Structures are given as C-alpha cells and as structure tokens.
Amino acid sequence: MSVATATYLVRRAAQKERVRILYRRALKDTLNWAVHRHLFYEDADLLRARFETNKHVEDPDTIDRMIADGEVQYNKWRHPDPYIVPWAPGGSKFTRNPAPPEGIEIVYNYGREDND
C-alpha cells in the first residue's frame, strides 16, 4: 500500500467518524425539539434523508466542506435548553440527597458503639 493510499484511507476514516458523530448529535437534538414521538419519527426520517442524499460523494475536499457546513448548521439550530434525564449529570435530581425521615438515627461509628 502506498503512502498516498494510506493517507486517503485515514482521511476517509476520520470523515466517516465525523459524519457519524454529527448524525448522532443531530438525531439526539431532534428529540429535544419534538414534543411527541410521532413528530420525532418524521423529523428523524427527514434528517436521515438529508444524510443519505450525500452518501455518494467521493471527493475528500467536498466531503470536508459538507461536514463543516453541517456542523455550522447543527450549532445554529441546536436546542437552547436540551432535555436532560433528571438523574443524569446536569439533571434536576443529580446528586440530590434527601434528608432522612424523622425518627431515623444515622450511626456514623457503626460497630464501635459503646456497650454501656
């Protein structure tokens, strides 16, 4: 394998990874905009169709330009307040520790209590 072929293959692999990441981020962000699942499915189909229409492009420079345009468009239309699962980092319940109920005593020196 020549150096030019290896360079081309490495560049194509990096482009495929960038496209995959962009598609996944856009798909997850589409879920933030859709209130109901049936709306999400329609938007997800449109998003997939937009990616599929450019699947045949082979020129690496054109692909880089299309990826950059897609990332700019994604950042422009990204949801300002994305949904975060409450118990995930950034969620409303993350690291929330409720106070113990009345009548429950917390023993911090368990096993070393005085036996008086």
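Hi everyone, let's begin with the empty space: the largest pocket here has a volume of about 1,000 Å³. Please keep in mind that this is a predicted model.

So what lines that pocket? There are 30 lining residues, and L22, Y23, L47, R50 and F51 are the ones nearest its centre. Three elements each give two or more residues to this lining: helix 1, running 3-33, helix 2, at 37-53, and helix 3, at 60-77. Helix 1 supplies the largest share, with 11 residues. As for chemistry, the lining divides into 14 nonpolar, 11 charged and five polar residues.

Now over to the second largest pocket, which holds about 150 Å³ of space. Its lining brings together L31, N32 and A34 with H79, D81, P82, Y83, I84 and V85. Sorted by class, that gives six nonpolar residues, two polar and one charged.

Finally, I'd like to introduce you to one residue, Q15, which you'll find in helix 1. Is Q15 buried or exposed? Its relative accessible area is 3%, and because buried means under 20%, Q15 counts as buried.

And which residues does Q15 touch, leaving aside those up to four places away in sequence? They are P60, I63, D64 and I67. Two of these come with polar detail. The Q15 side chain reaches the backbone oxygen of P60 at 2.9 Å. With D64, the link is side chain to side chain, a polar contact of 2.8 Å.

That's my tour, from the pockets to Q15. Thanks for listening, and do have a look at the structure yourselves!

Conventions: Residues numbered from 1 in each chain as written. Predicted model: local features only at pLDDT ≥ 70, side-chain atom pairs only at ≥ 80, totals over all residues. Heavy atoms only, no water. 1 Å grid on protein atoms, 1.4 Å probe; cavity = no way out; pocket = protein on both sides within 12 Å on 5 of 7 lines; lining within 4 Å. Points joined across faces, edges and corners; volume = space filled by probe spheres on them. Helix = DSSP H or I, 4+ residues; strand = E, 2+ residues; numbered from the N terminus. Nonpolar A, V, L, I, M, F, W, Y, C, P; charged D, E, K, R; others polar. Buried < 20%, exposed > 50% of the residue type's maximum accessible area, 1.4 Å probe, protein only. Polar contact = N/O pair within 3.5 Å; in protein donor to acceptor, adjacent residues only side chain to side chain. Contact = heavy atoms within 4.5 Å.
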